[in-house]
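Please find below my notes on this model, arranged as numbered points. They begin with helix packing and then turn to the sheet.

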Amino acid sequence: MTVTPELLLQAYRTGIFPMAETRDDLEIFWVDPRRRGVLPLDGFHASRSLANRLRRDAFTVTLNTDFIGVIDGCADRPETWISGGIRDLYARLHAMGHAHSLEVHAEGTLVGGVYGVTLGAAFCGESMFSRRTDASKVALAWLTCHLARCGFTLFDTQFLTTHLASLGAVEITREAYRDALSLALSCPADILSRPLPASGAEVAQHHRRNAQEVEQRNTQTS
């Protein structure tokens with residue numbers, strides 16, 4: 001079966017996503033996890049050290065300025081599921097306006113980033129990478145802030161890792177994920193509808209405010 005960008009988008013709409021066994025694998029298989037990782041957009045956990053790094057603006061963050069650089073950065077590891085075929089598919093999705101990247105730069109060099117697919121109010125995260133301390137954390141801090149401001153309701157991380165859990169990601173059932181996806185698909189959102197936050201301090205303040213609001217709600221319901 002030939003996988004086209006249109007078929008790939010339809011797969012995302014049903015809750016599944018593609019992978020390859022290795023970098024050189026010509027075949028693509030579909031994944032539908034029983035347990036799904038999601039990063040609540042109001043639940044990103046910025047540690048004190050990460051918040052301080054954000055406020056120092058040690059990195060420059062951009063959107064959609066180097067999609068291929070980000071996907072190649074994500075694939076630049078000893079073992080990867082990002083094959084040449086998958087790389088080409090997402091490059092085509094990016095050209096169609098369905099796949100997006102957020103880049104983290106230091107001294108003019110790409111040092112981290114994340115990319116994924118948008119459908120309705122869902123951002124389906126695919127992969128991220130980091131070549132500097134906290135670069136991927138900074139990428140997710142900026143992205144979650146930006147997605148929330150643009151009206152997104154779902155950030156799908158596919159799987160829950162220790163790294164993602166430390167940033168506030170949680171695991172939900174396949175059924176709960178499909179319910180959240182269905183709701184997100186029915187809502188309009190546009191990752192390009194607003195500019196990125198003006199500074200890391202603004203991102204840090206956004207997450208601090210969310211944390212305070214969540215704590216207040218928990219206090220009221222306990």
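1. Helix α1 (residues 5-13) packs against helix α4 (residues 84-96) at an angle of about 85°, the two axes being 10 Å apart; axes here are lines fitted to C-alpha atoms, for helices over the stretch in contact, and angles run from 0 to 180 degrees between N-to-C directions. That makes α1 roughly perpendicular to α4, on a scale where angles under 35 degrees count as roughly parallel, over 145 as roughly antiparallel, 65 to 115 as roughly perpendicular and the rest as oblique. In this contact, Pro5, Glu6, Leu8, Leu9 and Tyr12 of α1 meet Leu89, Tyr90, Arg92, Leu93 and Met96 of α4, where contact means heavy atoms within 4.5 Å. By class, the residues are eight nonpolar, no polar and two charged, with Ala, Val, Leu, Ile, Met, Phe, Trp, Tyr, Cys and Pro counted as nonpolar, Asp, Glu, Lys and Arg as charged, and the others, Gly among them, as polar.

2. On provenance, this is a predicted model, in which local features need pLDDT of at least 70 and side-chain atom pairs count only at pLDDT 80 or more, whereas totals for chains, interfaces and linings use all residues. Residues are numbered from 1 along each chain as its sequence is written, and side-chain values use heavy atoms, with hydrogens and water left out.

3. A second helix pair is formed by α2 (residues 48-56) and α5, whose axes come within 11 Å and cross at roughly 75°; α2 and α5 are therefore roughly perpendicular to each other. Leu50, Arg53 and Leu54 in α2 meet Lys137, Val138, Ala141 and Trp142 in α5, and the residues of this contact divide into five nonpolar, no polar and two charged.

4. Turning to the sheet, seven strands form an open arrangement in the order β4-β5-β6-β7-β8-β3-β9, with mixed pairing. The edge strands, each pairing on one side only, are β4 (60-63) and β9 (170-173), and neighbouring strands of the sheet are turned by 35° against each other on average, direction ignored. Helices (H or I, at least four residues) and strands (E, at least two) are DSSP runs, numbered from the N terminus, and two strands pair if DSSP finds at least two bridges between them.

5. Strand β7 pairs with β6 in the antiparallel sense over eight bridges, and glycine 112 stands opposite serine 130 in β7. The hairpin of β6 and β7 has two residues between the strands, and glycine 120 takes a positive phi near 60° there. Three bridges also join β7 (residues 122-130) to β8 (residues 154-158), and these two strands run parallel; alanine 122 stands opposite leucine 154 in β8, and cysteine 124 opposite aspartate 156.

6. β7, helix α5 (residues 135-149) and β8 make a right-handed β-α-β unit, right-handed meaning that, with the strands pointing away from the viewer, the path from the first strand over the helix to the second runs clockwise.

7. Which strands does helix α3 lie across? Helix α3 (residues 67-75) lies across β5 (99-106), β6 (109-119) and β7, running at about 100° to β6. Seven of the nine residues of α3 are buried, among them Phe67, Val70 and Ile71; buried means under 20% relative accessible area, exposed over 50%, and partly exposed in between (1.4 Å probe, protein chains only). What covers the buried residues of α3 includes α4, β5, β6 and β7. Strand β7 is itself mostly covered, with eight of its nine residues buried.
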